[in-house]
Amino acid sequence: MSKLFGFAGDDDFCPGRSIYPNPKEPSLFLSLGHHVDVYFTSSKRTRISAPFVFGGERFEQKRQASIEVLPDECLFEIFRRLPGGEERSACACVSKRWLSLLSNMSRDELCDKKTTQLLNESVEKNGEVKSRAENQEIEGGGCLSRCLEGKKATDIRLSAIAVGTASRGGLGKLSICGNNSYHGVTSAGLRAIARGCPSLKALTLWKLPLVGDEGLYEIANGCHMLEKLDLCGCPAISDKGLLAIARNCPNLTDLTIEACSGIGNEGLQAVGRYCTNLKSISIENCPVVGDQGISGLVSSATYGLSKMKLQALNVTDVSLAVIGHYGKAVTDLVLTNLPNVSEKGFWVMGNGHGLQKLKSFTVTSCRGLTDTGLEAMGKGCPNLKQFCLRKCAFLTDNGLVLFVRAAKSLESLQLEECHRITQLGCFGSLLNCGAQLKALAMVNCLGIRDLNLKLPQFSPCKSLRSLCVRNCPGFGDGSLALMGKFCPQLQYVELSGLKGVTDAGFTPLLENYDAGLVKVNLSGCVNVSDKVVSALTEQHGWTLEVLNLDGCVKITDASLAAIAENCLLLSELYVSRCAISDSGLMVMACSNQLNLQIFSVSGCSMISDQSLTALVKMGQTLLGLNLQHCNAISTSTVDLLVERLWRCDILS
């Protein structure tokens, strides 16, 4: 030691100078001044221990031993010998590097039970040893579901999901809805899912511009149990990725493709060829998809495909002809915004006699649908039960009547924004319909107006149970009176947004109904007053369960009194923006037979804090209470209601 520091070893004094040749080196030990004398005794020599290693006149700090110095290959061999999923999950929490290594390990790369037996025997937890075989039994179920949205949709989170769900039942459903183009999900994240979640059955990818065919390759190779695939807004995915899914996922039953510009005919043909269990297909806004893809898909999946939706595609009459001939198992068909389809396409589809099992048919914004094509569809679909027409500009009364006459099994008919349909077509359909029609709905049909129709002797439509007329400004008291004669068995009536309906038209309607009304919606009928509510509750209060009077500005406390007296079964009442006050609520609270569960008084300016007692008493049965925009009710009153009505959801 004396040689190291350059002194004789006796009790020498070093005068005021540094004992080190290099004046910078003392700072590594102690901060000594330049004029401090240091005394070294010969009996005790200075001992210098780690972490310093001296060599000559210089020394350096020794590096501490760490597992991080091991290369990835060594860590990989360690991780693959871990006894179970819980241990792997714990290691994944150490660092991103460990998480990346663990998430990229497939099940085939993990050691089997024999290899890890010695390790398992040495790992004790709560006095028990969990073998990898037990963990596999837990991991294979695929009962968990995960959803990542927005900024949370990243590769790191997917890696954590892949490792963490393995020991908790296995991942069965994954939904990724991203919009983060800078640090969003890429194919690397899907690779982690594919290698760690072989039990995945449902996968949703929305708005992921960085995910391409490589990601679907990984899913196809690792998730052979996949049954449902939903792709939306993934422009980097092409036919190659869809082809890999089709070849490696034979259990695929549900496929949705929307706004994927890279997917075309070749991918759909492959799906039809390889996915023999396919039951549902939805294709929207894919500009490359044409007749070849649709024809190849439908012709290959003749006896399995049951649900089909085509929207905003460049298909022609050829696709509809193929559907009409090969769609032998199709039960639900939706056609929306097909500008290249003409009248011929619908006519051929109806005369193809292949849609014998079709039960639900929806057509929206298809200018090619005319009276001729609609009649052919009615004749070619004998089992059609639900039919919905939206924005079909060239459909007239004649075509609607011919269709209803041909479709004898029709149970529900909905017309929306079909402006050429008039009152004549509406009541003509009721005269010619079969005995199965139960529901009729007309929404935003501007052509329906009151006409002085002189109808011959007719038999009423006793099968109709539900009537909905919404936002048809021409529908008034005249149409309402005819409707009462045509449909005496109505139970569900919605007449909303009809300013032409008054007390004079609605009161006689109530007298024609033999069966009791169950649900009545008069929202937005500004000319309906307490007289209608009084007659309604007196004649149908014993069956009425739901009553909606939102926006009926002539409804006052008198209506609430009639409801409280006559409605024994009423469970839902909506009187938002009506002229009711605290007195009306007090009358309802005093009723011993009223058992409301949903009560809405939103926008009622005359309801104030004085209704607190009434609301608390009514709250014994309430599950939902809407007090929004009731400006006369203070915040303190709302707080008291929240405290006392603990089982009721209150909107304020």
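Where does Lys 391 sit? The place of Lys 391 is the loop between β14 and α16; helices (H or I, at least four residues) and strands (E, at least two) are DSSP runs, numbered from the N terminus.

Before the rest, some ground rules. This is a predicted model, in which local features need pLDDT of at least 70 and side-chain atom pairs count only at pLDDT 80 or more, while totals for chains, interfaces and linings use all residues. Residues are numbered from 1 along each chain as its sequence is written, and side-chain values use heavy atoms, with hydrogens and water left out.

**Exercise 1. Describe the backbone and the exposure of Lys 391 and Asn 285.**

Step 1: start with the general rule. Most residues other than glycine have a negative phi.

Step 2: check the two residues against it. Lys 391 isn't a glycine, yet its phi is positive, about 55°. Asn 285 is another non-glycine with a positive phi, near 50°, and its place is the loop between β10 (280–284) and α12 (291–300).

Step 3: look at exposure. Buried means under 20% relative accessible area, exposed over 50%, and partly exposed in between (1.4 Å probe, protein chains only). Lys 391 has 44% relative accessibility, so it counts as partly exposed. Asn 285, with 45%, is partly exposed too.

**Exercise 2. Give the overall tally for the chain.**

Step 1: count the elements. You'll find 24 helices and 24 strands.

Step 2: take the burial and the surface. Of the 652 residues, 49% are buried. The chain exposes about 31400 Å², with carbon and sulfur atoms supplying 51% of that; the areas come from the Shrake-Rupley method with a 1.4 Å probe, and for residues only the protein chains shown count as cover.

Step 3: take the contacts (heavy atoms within 4.5 Å). Among contacts with a separation of 6 or more, 81% are between residues 24 or more positions apart.

**Exercise 3. Work through three of the salt bridges.**

Step 1: get the definition and the total. A salt bridge is a side-chain nitrogen of Lys or Arg within 4 Å of a carboxyl oxygen of Asp or Glu, and the structure holds 5 of them.

Step 2: take Glu 375 and Lys 379, which pair at 3.3 Å, N to O. Both belong to helix α15 (residues 371–380) and lie 4 residues apart, about one turn of the helix. Glu 375 is partly exposed at 23% relative accessibility, whereas Lys 379 is exposed at 58%.

Step 3: take Glu 411 and Lys 385, a bridge of 3.7 Å, N to O. This pair links distant parts of the chain, 26 residues apart: Glu 411 is in the loop between α16 (397–406) and β15 (412–416), and Lys 385 is in the loop between α15 and β14 (386–390). Glu 411 is partly exposed at 23%, and so is Lys 385 at 29%.

Step 4: take Glu 494 and Arg 470, joined at 2.9 Å, N to O. Here too distant parts are linked, with Glu 494 in strand β18 (residues 492–496) and Arg 470 in strand β17 (residues 466–470), 24 residues apart. Glu 494 is buried at 18%, while Arg 470 is partly exposed at 32%.

**Exercise 4. Find the surroundings of Leu 384 and Asp 582.**

Step 1: place Leu 384. This residue is in the loop between α15 and β14, and at 1% relative accessibility it counts as buried.

Step 2: list its company. Leaving aside neighbours within four places in sequence, Leu 384 contacts residues including Leu 358, Phe 361, Phe 403 and Leu 410. Lys 359 is 25 residues away in sequence but 4.1 Å away in space, C-alpha to C-alpha.

Step 3: turn to Asp 582, in helix α22 (residues 582–589). Asp 582 is buried but has no salt bridge, and Arg 644, the nearest side chain of opposite charge, is 15 Å away. For charge, Lys and Arg count as positive and Asp and Glu as negative; His and the chain ends are not counted. Contacts of Asp 582 beyond four places in sequence are Met 606, Ile 607, Ser 608, Gln 610 and Ser 611.

**Exercise 5. Characterise the packing of α10 on α11.**

Step 1: take the geometry. Helix α10 (residues 239–248) and helix α11 (residues 265–274) pack at about 5°, axes 8 Å apart. Axes are lines fitted to C-alpha atoms, for helices over the stretch in contact, and angles run from 0 to 180 degrees between N-to-C directions.

Step 2: classify it. Angles under 35 degrees count as roughly parallel, over 145 as roughly antiparallel, 65 to 115 as roughly perpendicular and the rest as oblique. So α10 and α11 are roughly parallel to each other.

Step 3: name some of the residues making the contact. Among them are Leu 242 and Leu 243 of α10, and Leu 268 and Val 271 of α11.
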